[in-house]
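Student: Could you take me through one part of this structure slowly? I would like to start with a single helix and then see how other helices meet.

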Amino acid sequence: MREATKSKRPWLVAVWPGMGHVAISAGYYLMAKLGMQYLGEFASNGLFDVDYAIIKSGIVQKTQRPRSRFFVWKAPEGKRDIIVFIGEAQPPLGKFEFCEKLIDFARDQGVERVFTFAAMATDMHPEHESRLFGAATDPLTLKELDRPEVRYLEEGHIGGLNGVLLAAAADKGMEGVCLLGEMPHMFAQLPFPKASLAVLEVFAEMAEVPLDFTELNEQAHAIEQQLGELLAKFKEKMEANESGASESFEPPQDSDEELAEADQARIEMMFSQAADDRSKAYELKNELDRLGVFDRFEDRFLDLFKRTE
């Protein structure tokens with residue numbers, strides 16, 4: 001791990017996959033729009049096991065355990081650095097130990113505050129604005145969330161490493177914040193960028209980070225329309241079915257089919273553009289998500305953020 005971040009009062013943002021892709025999408029958007037650089041990899045120390053073998057065209061693929069990587073934005077003079085931690089998966093065991101080591105690393109890098117992002121699943125309609133909820137590790141930090149667009153998460157719990165990391169931070173005396181973007185619970189398996197937008201708008205304001213939200217706004221509007229249409233069709237089906245109480249909504253599944261030549265060529269072109277201009281990386285990720293192949297290209301995508309020198 002490089003020693004490149006021991007200055008400028010850095011904040012750490014840690015994200016993992018979860019409901020609505022709220023956290024992971026926000027993390028990737030932050031990386032892409034700030035043009036972050038790859039910093040290093042966080043060792044999982046055997047916390048991830050292998051439960052199955054992946055077969056493609058009859059061939060057993062090599063084992064690949066989930067990876068956890070750091071990326072850094074070196075801020076201009078007078079601003080604070082931002083470190084983003086991207087975890088491909090949450091370890092099934094040893095979650096608290098994993099988080100303690102992550103907090104120890106953050107302290108070694110001079111990190112002053114850790115942030116996690118998460119989804120708050122409610123019965124909201126896709127067309128409504130996503131409310132933002134927040135929690136913090138101490139009263140003084142919580143007071144910084146005292147703003148009109150944020151509601152305190154008064155009671156309850158935050159599941160997964162989004163919450164456990166903050167518990168580890170609290171135990172070790174480090175400031176921590178969780179920002180939770182609201183999303184419709186019935187679409188929990190589908191991306192909901194409107195919640196990611198709500199999270200990032202407040203984070204960017206708190207961190208004084210220059211972010212252009214144009215692309216995320218456009219994506220949020222497009223998904224809002226698509227989910228509204230899905231919801232309308234689902235309601236029509238329920239009303240037409242006398243035993244509708246037993247019906248359940250199944251979101252569309254990603255396809256494992258091979259990419260068409262035109263899609264492959266477009267992806268290659270977008271990779272080339274993103275290599276020249278990392279601000280275009282989020283557009284590339286959206287296309288990979290649309291085609292249902294991001295997992296296949298994830299390592300190559302993250303390699304775009306490695307230093308070239």
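**A close look at the helices**

Tutor: Happy to! Keep in mind that this is a predicted model. Let's begin with helix α5, which covers residues 193-207. Helix α5 has 15 residues, and from its first C-alpha to its last it reaches 20 Å. That is close to the 21 Å expected at 1.5 Å a residue. Now look at its surroundings: 13 of the 15 residues of α5 are buried, so the helix is largely enclosed by the rest of the structure. Just after α5 comes Glu 208, and its phi is positive, near 55°.

Next, let's see how two helices can meet. Helix α2 (residues 95-108) and helix α4 (residues 161-171) have axes that come within 9 Å and cross at roughly 55°. That angle makes α2 oblique to α4, because angles between 35 and 65 degrees are neither roughly parallel nor roughly perpendicular. The crossing of these two helices, α2 and α4, is right-handed. On the α2 side, the residues that meet α4 are Lys 95, Phe 96, Phe 98, Cys 99, Glu 100, Leu 102 and Ile 103. Their partners in α4 are Leu 161, Val 164, Leu 165, Ala 167, Ala 168, Ala 169 and Asp 171. Sorted by type, the residues of this contact of α2 with α4 are 11 nonpolar, no polar and 3 charged.

Another pair to find is helix α7 (residues 261-276) with helix α9 (residues 294-303), whose axes come within 12 Å and cross at roughly 20°. So α7 is roughly parallel to α9, since the cut-off for that description is under 35 degrees. The crossing of α7 and α9 is right-handed. Here Gln 264, Ile 267, Glu 268 and Phe 271 in α7 meet Phe 297, Arg 300 and Phe 301 in α9. The residues of the contact of α7 with α9 divide into 4 nonpolar, 1 polar and 2 charged.

Finally, zoom in on Leu 284, which sits in helix α8 (residues 281-290). Leu 284 has a relative accessible area of 0%, so it is buried. Leaving aside residues up to four places away in sequence, Leu 284 touches Ile 267, Met 270, Phe 271, Ala 274, Phe 301 and Leu 304. You have already met some of these names: Ile 267 and Phe 271 take part in α7's contact with α9, and Phe 301 is on the α9 side. Try finding Phe 271 once more: it lies 13 residues from Leu 284 along the chain, and their C-alpha atoms are separated by 6.9 Å.

Definitions and conventions
Residues numbered from 1 in each chain as written. Predicted model: local features only at pLDDT ≥ 70, side-chain atom pairs only at ≥ 80, totals over all residues. Heavy atoms only, no water. Axes fitted to C-alpha atoms, helices over the stretch in contact; angles between N-to-C directions. Helix = DSSP H or I, 4+ residues; strand = E, 2+ residues; numbered from the N terminus. Parallel < 35°, antiparallel > 145°, perpendicular 65-115°, else oblique. Left-handed = near helix turned anticlockwise from the far one by under 90°. Contact = heavy atoms within 4.5 Å. Nonpolar A, V, L, I, M, F, W, Y, C, P; charged D, E, K, R; others polar. Expected span 1.5 Å × (residues − 1). Buried < 20%, exposed > 50% of the residue type's maximum accessible area, 1.4 Å probe, protein only.
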